[in-house]
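Welcome to my notebook. I opened a structure I had not seen before and wrote down what I looked up, one topic at a time.

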Amino acid sequence: MVDNRIDRYPTRTAERAPQQERHDATVWGRIGNAELAAFDADGYAILERLLSPEEVAEFATEIDRLASAPELRGDDRLIVEKSSQQVRSVFDVHRLSPAVAELVGESRVVDLARQVLGSDVYIHQSRVNYLPGFGTGFYWHSDFETWHAEDGMPAPRAVSLSIALTDNYPYNGSLMLMPGSHWSFVPCQGETPADNYRESLREQEIGVPGKSDITEMAHKYGIEQFTGPAGSALLFDSNIMHASANNITPFPRSNIFLVFNSVENTLEEPFAAPARRPEYIAAREYTPV
């Protein structure tokens with residue numbers, strides 16, 4: 001079947017393709033939260049004390065319950081480390097946990113996404129991330145590149161909210177970002193294998209930029225790091241370049257990760273993959289939060 005769509009962000013090419021300027025806005029609505037004032041320029045914002053210490057303790061207990069839940073063993077939504085077999089992520093967490101579902105709908109959370117995206121939003125993806133002591137990080141990438149290629153997300157009109165449930169130190173694999181890099185789309189090389197998500201959720205090899213692109217962007221934009229106490233949060237644009245280093249300390253890191261997509265940016269067929277990814281990774285139920 002011939003795909004006649006206009007792909008404004010071509011990627012997964014046979015040969016290296018040049019970076020291209022973003023075609024879409026970053027902020028689609030009106031920013032009312034002072035902490036989001038630099039979001040348009042930087043592509044991210046840090047929110048201090050989004051959760052209280054009491055809430056952090058409650059959610060930490062809840063995610064520990066999910067990680068050890070017998071009914072999730074063997075479930076595709078539970079992702080384990082390749083080497084240690086420790087739990088790395090639990091997907092679809094807003095459906096598995098009533099507490100997270102309630103948090104998603106709270107104005108202090110969902111209104112952040114509505115302000116940036118300028119519309120009603122729905123959950124594209126939700127998960128809990130666990131980076132254990134001596135755990136493996138994630139290489140540099142843009143989430144939108146994957147969501148566009150493998151899920152059919154038309155435009156980078158989506159944001160992610162990472163809520164820290166443990167202290168984020170500079171040395172325990174906390175997230176690194178390149179401020180302003182969301183204005184450049186970096187095509188990646190290589191054809192997407194069938195069921196690529198089964199490997200990429202543990203270690204991403206397809207859909208990552210080359211070293212020359214990373215080097216160029218790092219010199220152009222610089223690198224910042226999200227650090228702070230449990231309860232703080234990071235809101236970031238879907239196209240910003242980010243990564244996390246290996247955690248070579250005994251101090252684990254965990255977070256609730258919520259991806260909000262605009263209801264005006266719903267998924268199409270994948271632009272550079274043979275088939276859709278499962279619903280728990282890329283929701284096609286567009287009920288506004």
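Below are my entries, from the whole protein down to single residues.

**Ground rules**

I remind myself that this is a predicted model, where local features need pLDDT of at least 70 and side-chain atom pairs count only at pLDDT 80 or more, while totals for chains, interfaces and linings use all residues. Residues are numbered from 1 along each chain as its sequence is written, and side-chain values use heavy atoms, with hydrogens and water left out.

**The whole protein**

I looked up the overall dimensions, and the C-alpha trace spans about 50 × 45 × 40 Å along its principal axes. The radius of gyration is 18 Å, which agrees with the value near 19 Å for a compact globule of 289 residues. That radius is taken over C-alpha atoms, and the globule rule is 2.2 Å times the number of residues to the power 0.38.

I found eight helices and 13 strands. Both are DSSP runs numbered from the N terminus: helices are H or I with at least four residues, strands are E with at least two.

Next I asked how much is buried, and the result is 55% of the 289 residues. Here buried means under 20% relative accessible area, exposed means over 50%, and partly exposed lies in between, with a 1.4 Å probe and protein chains only. The accessible surface comes to about 12600 Å², with 52% of it belonging to carbon and sulfur atoms. Those areas come from the Shrake-Rupley method with a 1.4 Å probe, and for residues only the protein chains shown count as cover.

I also checked contacts, meaning heavy atoms within 4.5 Å. Among those between residues at least 6 apart in sequence, 85% join residues at least 24 apart.

**The seven-stranded sheet**

In which order do the strands of the open sheet stand? I read β2-β11-β7-β13-β5-β4-β3, with antiparallel pairing. Two strands pair if DSSP finds at least two bridges between them. β2 (44–47) and β3 (78–80) are at the edges with a single partner strand each, so one side of each has no neighbour in the sheet. On average, neighbouring strands are turned by 15° against each other, direction ignored.

I then followed the pairings:

- β7 (residues 158–164) and β11 (residues 233–237) share five bridges, and Ser160 stands opposite Phe236 in β11.
- β7 and β13 are joined by seven bridges, with Asn261 in β13 as the bridge partner of Ala158.
- β5 and β13 are joined by ten bridges, and Asn261 in β13 is the partner of Tyr122.
- β4 and β5 are joined by three bridges, with Ser89 opposite Asn129 in β5.
- β3 and β4 pair over three bridges, and Ile79 stands opposite Ser89 in β4.

**Enclosed strands**

Ten of the ten residues of β13 are buried, so the strand is largely enclosed by the rest of the structure. In a regular strand the side chains alternate between the two faces of the sheet. In β13 both faces are covered, one side including Phe257 and Val259, the other including Ile256 and Phe260. I saw a similar entry for β4: five of its five residues are buried, so it too is largely enclosed.

**Helices across the sheet**

Helix α2 (residues 53–68) lies across β3, β4 (87–91), β5 (121–131) and β13 (253–262), running at about 80° to β5. Helix α5 (residues 107–117) lies across β2, β5, β7, β11 and β13, at about 45° to β13. Axes are lines fitted to C-alpha atoms, for helices over the stretch in contact, and angles run from 0 to 180 degrees between N-to-C directions.

Buried residues of α5 include Val109, Leu112 and Val116. After α5 comes Gly118, with a positive phi near 65°.

**The cores**

A nonpolar core is a set of buried Ala, Val, Leu, Ile, Met, Phe, Trp, Tyr and Cys residues joined through side-chain atoms within 4.5 Å. Which residues of the largest core touch the most other members? Of its 40 residues, they are Leu161, Leu235 and Phe260. The largest share of this core, six residues, comes from α5. A second, separate core of 18 residues includes Tyr9, Phe226, Val259 and Leu267.

**One exposed residue**

Last, I looked up Asn4, found in the segment before β1 (20–21). Is Asn4 buried or exposed? Its relative accessibility is 68%, so Asn4 counts as exposed.
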